[in-house]
Amino acid sequence: MKPADIIHLAETELDAQRSYKHRINVCCSSGCIPFGALKVLKAFEDAVKEFGVQKECKVARTGCIGTCSVGPAVMIEPGNYLYQSVTPEKAREIVRDHVVLGLPVKDMLYGSKAYFEKQHRLVMKNAGKIDPYRIEDYIAAGGYSALVKCLIKMSPKDVIDEVWLSGLRGRGGAGFKIGQKWTFVARAHRSPKYIVANLDEGDPGVFANRTLAEADPHAILEGMLIAAYATEANKGYIYIRAEYPLAVDTLKKAIDKAKAMNLIGQNILETSFSFDIELRLGAGAFVAGEETAILASVEGNRANPRPRPPYPAASGLWKSPTLIDNVETLANIPQIISHGGLWFSKIGSPTCSGTKCFSLTGKVNNPGLIEVPMGITLKEVIYDIGGGVPDNKKFKAVLVGGPSGGCLPDTMLDLPIDYESLTKAGAIMGSGGIVVIDEDSCMVDTAKFFIDFCVEESCGKCTPCRVGLHKIQETYARIIGGVGKPEDIQFLRSSCGYIQEASLCGLGQTAPNPVLTTMRYFGNEYNEHILQKKCAAGKCSFKHNVKEAEI
Amino acid sequence: MPTNAKTKLATMWLSGCSGCHMSLLDIDEVLLDLAKKIQLVYGPLVDIKNFPEGVDVTLIEGAVANKEQVEMLKIARERSRILIAMGDCAVTGNVPALRNSFEDSDQAVLQREFVENSDIQQTIPTDVPKLLKKVYPLHEVVKVDFFIPGCPPPAGNIAYVLTELLAGKVPLMENKSKYG
Amino acid sequence: MTTKTVSLKIDEHEITAQEGKSILETAIENGIDIPHLCFLAGLTKTGACRLCIVELKGQAKLFASCSTPISDGMEVITNSEKLKAYRKNTIQLLLSERTHVCSVCVANKNCELQALADKLGVEHVAFEREWTSENVDSSHPFLVIDRNRCILCTRCVRVCDEIEGVHALDLKLRGKDSQIIVDFDDSWDKAASCTSCRKCAKVCPVGAIYVEGEPLSETKDTGIADFVLSRRKK
Ligand SMILES: Cc1cc2nc3c(=O)[nH]c(=O)nc-3n(C[C@H](O)[C@H](O)[C@H](O)COP(=O)(O)O)c2cc1C
Ligand code: SF4
């Protein structure tokens, strides 16, 4: 295949798609399958046949549409009619009324218009629209045209310049300037060079990267290819946890298809550019997402972090220069190349361009997978998109950034979502979790939950994180057990400072965040627990343990 | 200690082997110096039944292993200005606390001692203080002001701490402490 | 080979040293003491124990001196009040983590952890101690591993892999549950790959691996890795 063939293929495919009057997109991602999405898909196909409208109505299996709590979600084009909680019986009804008679079934349509209004779908632009198993769908949507543009018109340096200009920052948590990182790797004059796409996504309750891979795998592959072209890398690995079987399957088939079309492999599109991509399955450890741990794991070793320097850009996989990027970061790349860095830099906020995908969960009316422009406020996310707290309960806190994020109170709701503002407030961007907490939750108990998680996930290499976090965990057990002492507050504070500063990797360095933020914003709850043995939310048992009872 | 009145010193022996007290007696000529400045008001070395009020310094040997020792330690704490954990048992739990690694060790040690290892009258006595589920170092039960680790603590370290305290200074343990 | 020299300051000492060395190595060469446990000359630097952390002038973060390379104009602070407090904290955490009872330990008076505790003035452990009952394996004819005393520095794992070239030792599980294992978590007498070279016992900073019936003062040889490497280069 040659570059021109891609363009040609896109046109042919578009023509085929235009021959349909209706397109029924059935979300079959990990969120909707448990609700019965595959049966619904079958029911649509059957109904289309039953009513004899195969020629004018296309039924497509797609990735996530975004409304994960009311699955299976089905979108009918044209008009973007979004149906929620579709069952096989209702599928038939929808085909009959909507497709055949032209009368949308109003009472089954998704209610909240606002859910989509403030979102900005960039990375997820194809999600829910294309069939992730069909590379032709991706190409018809403009896919691989950015790669073609690179190969034909741009030098590696041009590509890096464009990425610099875009201002894109790492979506894996730390927010490192991607242009900078690519430059480091490009400048390392040693080969082979490697690329690792990070799809470990170990934070509990976060599913943004998985959703992306299930909905639009080729965007990740194309991003990797462009990164490889820019940094002159030879081989790429996608590190994905084995607990994501559907995403693994989607990616695996996508890689096979791309290989078959000469988009991955030797002399890609008959140019001198060669790059191979392989999947690496992880056993599902949070710490394996840390950039030095991921290297160890890809090499087949225990996923333990190691000290930096040397940085992976200088000495990564098998001591060769290695670029590690989050998959969402990579999925932004094709659009930056297609539309230009300048175009991208104008989306989002001045310090933080582009968008970010979040898994919005917890006590909100419209949970789901959202993509918002950087700089949007927490309030807009929780109230406008999320529809606020259900059951007339009072909002209490929002946890941003996963298990090592921060719990922010209502007074912080006007905080814009960008790396600097979040860090200043004691939270982090993390890999994209927003959990809303209502008045029924106890903040001491919430902090304990996340400390328990980090203790469980600590790799055990360094002393502060391995033992220090455990001491914090024990302190929480005492406070919640009703035998907390006023000194415990000071102990927690000083231990947290020590663990943040002395730990080897980001896990230990950020694990104290939930403790520090709950103490900072909800200090009164700690006092109540310790001094009055009272838990306003009624979560904590205050059951004494043996030791304090006997001495 | 500012006044001319003699400093009231008490010692106490909890779950330990008395080695720390031996070490205390081992401070040789410093003992003579100390003797001029202190009055020994309680401990296994003197025959006084109750822990007196208003003690200046109390040295405690041994870990806390039974109910009675908890009471004794609490009284000592209440009635002493400065309380010192003397020796590894008092500081860490040491040998007496080795039983903590075993489940229900309070019952197990009694069983082992009075039943399995006993030739006659294989019964667990009922008139001894009840053992705690676990053995604790002093500072897990009461506030401790100074620690002199060691098994036994070197006589020189005991002398150093007492001399510093009598001179109204705070003893510093960097490069001085000696576990084991 | 031409190597560049760099000038740096460690506390009040002005030093010139060869580029490529770490701060800790440079300090040791110049007789400056920075407490450390997992570091051992000749083995990969893992930066695990966090005792050798130092401050660098102009940087907010702390750095593990064992793995941070020296650079020109660097100003290292090894002993601020904060660092002292953090190191004491680290020693206390290590002492509290498993069963460390010096008076009944084979390594008593030959223990790097004990020596550091004494030197840094850790006269007691503020944290509640854990009394563990981890596996003790004495099945090997003369090597014994008592996991209750292990501080997970992985010197044994590294010396076995990098110097002996055998990799009979490794870790299993993670976090607080991490354990040193022999081969595939076999009992030591069944471990086919172990050559019984004793290097693990020679480098163990505490009394977790030792040779039965031999005083640890005889067994220990923390220079072994560096020595073997120096011979290999010739
Ligand atoms: C404990 C820990 C877990 C992490 N998990 C992930 C993860 O699941 N996915 C990810 O992309 N980055 C993760 N990171 C961040 C990576 O170390 C790294 O910064 C990132 O992959 C770089 O890619 P980016 O520049 O595109 O963000 C984690 C970091 C830490 C400290
Ligand atoms: S901070 Fe925690 S996870 Fe990171 S190296 Fe240390 S022990 Fe491992």
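**Exercise 1.** Describe the shell around ligand 1 in this predicted model by residue class, and state which elements of chain A supply it.

*Solution.* Start with the classes: the shell has 4 nonpolar, 8 polar and 7 charged residues. In this count Gly is taken as polar.

Next, the residues themselves. Ligand 1 is surrounded by 19 residues, and the closest are Gly172(A), Lys181(A), Glu201(A), Asn326(A) and Thr329(A).

Then the elements. At least two shell residues each come from helix 8 (178–187), strand 8 (322–326) and helix 20 (506–510) of chain A. Strand 8 of chain A gives the largest share, 3 residues.

**Exercise 2.** Which polar backbone and side-chain atoms of Arg171(A), Gly172(A) and Asp325(A) lie by oxygen atoms of ligand 1, and how much of the ligand's accessible area does the protein cover?

*Solution.* The cut-off for a polar contact is a pair of N or O atoms within 3.5 Å. Take the backbone first. A polar backbone atom of Arg171(A) is 3.2 Å from an oxygen atom of ligand 1. For Gly172(A), a backbone N or O atom lies 2.6 Å from a ligand oxygen.

Now the side chain. An N or O atom in the side chain of Asp325(A) is 3.0 Å from an oxygen atom of ligand 1. As for cover, ligand 1 on its own has 610 Å² of accessible area, and the protein covers 90% of it.

**Exercise 3.** Work out the strand order of the open sheet in chain B and name its edge strands.

*Solution.* The sheet has 5 strands in the order 2-1-3-5-7, with parallel pairing. Strand 2 (38–42) and strand 7 of chain B pair on one side only, and they are the edge strands. From one strand to the next the twist averages 25 degrees.

**Exercise 4.** Place strand 5 of chain B between its partners, and decide whether its residues are mostly buried or exposed.

*Solution.* Strands of a sheet pair through backbone hydrogen bonds. Consider strand 3 (residues 55–61) of chain B: 6 bridges join this strand to strand 5, and the two run parallel. Here Val57(B) stands opposite Ile82(B) of strand 5.

Turn to strand 7 (residues 146–148) of chain B, which is joined to strand 5 by 3 bridges, also in parallel. Ile84(B) has Phe146(B) of strand 7 as its bridge partner, and Met86(B) stands opposite Ile148(B) of strand 7.

For burial, the cut-off is under 20% relative accessible area. Strand 5 (residues 80–86) of chain B is mostly covered, with 6 of its 7 residues buried.

Key
Residues numbered from 1 in each chain as written. Chains lettered and ligands numbered in written order. Predicted model: local features only at pLDDT ≥ 70, side-chain atom pairs only at ≥ 80, totals over all residues. Heavy atoms only, no water. Near = heavy atom within 4 Å. Polar contact = N/O pair within 3.5 Å; in protein donor to acceptor, adjacent residues only side chain to side chain. Areas by Shrake-Rupley, 256 points an atom, 1.4 Å probe, with all protein chains shown as cover. Helix = DSSP H or I, 4+ residues; strand = E, 2+ residues; numbered from the N terminus. Buried < 20%, exposed > 50% of the residue type's maximum accessible area, 1.4 Å probe, protein only. Pairing = 2+ DSSP bridges. Axes fitted to C-alpha atoms, helices over the stretch in contact; angles between N-to-C directions.
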